[in-house]
Amino acid sequence: MNKPLAEIKPEDAIPLLVRIRLFILGKRKPDGFTRLVFTISLFSWLILSIWNAVSYFVLLTSDVIKQNKGFSVEDVIIKNGQNLGFNGEEFLESISAFYFNSFFVWLIILFGLVLMYRKKTIYTFIVLGGLAFHFIYMFIVLGFQYFIEDVSLFDKILYAILVVITLIHSLLMKNEELITEKELRMKN
């Protein structure tokens, strides 16, 4: 099975990728509605988490950006923080911590989405709990004014999509379980 490195082709990785996909998503394919909800949720999650990662990366590389482009990202962030009522570098530290910690929250939400695909009822608490933690943490660290002024309408729509679609899917999944239980009782 082991081939010399010169003989390995890209298609040799396909069985490994299939095994990883089966390990993460499971062997059973859910119904079409669950797959649709999962795809929409995953797309929303992907955009929000990539935006979080890019924002954090820009903060980390602000010195490099200033050296190469002559543009101070830190000055812009500090000025924006002052407009939101923060003092000087306090906002810069707060937003850096927020982006760093949000990365882990987005990983938890991704775990919840995987459980959604597998149709595990606990996923609702993980996804909505992760989003609730994200918002509470945002309001505590950055303030509600940050959410109103600095979070784009597009991001707010993506958050709303995640919340609403999770609630609808979990409600329908719960109804599906109740119907299945009734059918089982009727057969017995």
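Visitor: Just after H5, what is the phi of lysine 119?
Guide: Lysine 119 takes a positive phi of about 60° there. This is a predicted model, where local features need pLDDT of at least 70 and side-chain atom pairs 80 or more, while totals for chains, interfaces and linings use all residues. Residues are numbered from 1 along each chain as its sequence is written, and side-chain values use heavy atoms, without hydrogens or water.

Visitor: What makes that phi worth a remark?
Guide: The value is positive, and the residue is not glycine. Lysine 119 sits in the loop between H5 and H6.

Visitor: Why is H5 called a helix?
Guide: A helix is a DSSP run of H or I with at least four residues, numbered from the N terminus. H5 has 28 residues, so H5 passes that length.

Visitor: How does the reach of H5 compare with the expected span?
Guide: H5 reaches 40 Å from its first C-alpha to its last, close to the 40 Å expected. The expected span is 1.5 Å times one less than the number of residues.

Visitor: How do you know that lysine 119 and aspartate 31 form a salt bridge?
Guide: The term asks for a side-chain nitrogen of Lys or Arg within 4 Å of a carboxyl oxygen of Asp or Glu. Here the N to O distance is 2.7 Å, so the pair qualifies. Aspartate 31 lies in the loop between H1 and H2, and lysine 119 in the one between H5 and H6, so the pair ties together parts 88 residues apart in sequence. The structure holds two salt bridges.

Visitor: What makes a residue part of the largest pocket's lining?
Guide: A lining residue has an atom within 4 Å of a pocket point; a pocket is an open set of points on a 1 Å grid, each fitting a 1.4 Å probe, with protein on both sides within 12 Å along at least five of seven lines. There are 24 such residues, and among the closest to the centre are Trp51, Tyr99 and Tyr146. H2 gives the most, with six residues. The space is about 520 Å³, counted as that filled by probe spheres set on the joined points.

Visitor: How do the linings of the two pockets divide by class?
Guide: The largest has 17 nonpolar, five polar and two charged residues. The second largest has four nonpolar, two polar and nine charged. Asp, Glu, Lys and Arg count as charged; Ala, Val, Leu, Ile, Met, Phe, Trp, Tyr, Cys and Pro as nonpolar; the others as polar.

Visitor: Why is the group with Phe33 called a nonpolar patch?
Guide: A nonpolar patch joins Val, Leu, Ile, Met, Phe, Trp or Tyr side chains within 5 Å, each residue with over 30% relative accessible area and no salt bridge. Phe33, Leu36 and Ile40 are among the members, which together have about 760 Å² of accessible area, found by the Shrake-Rupley method with a 1.4 Å probe. H8 gives the most, with six residues.

Conventions:
Helix = DSSP H or I, 4+ residues; strand = E, 2+ residues; numbered from the N terminus. Patch = residues over 30% accessible without salt bridge, like charges linked within 9 Å, V, L, I, M, F, W, Y side chains within 5 Å.
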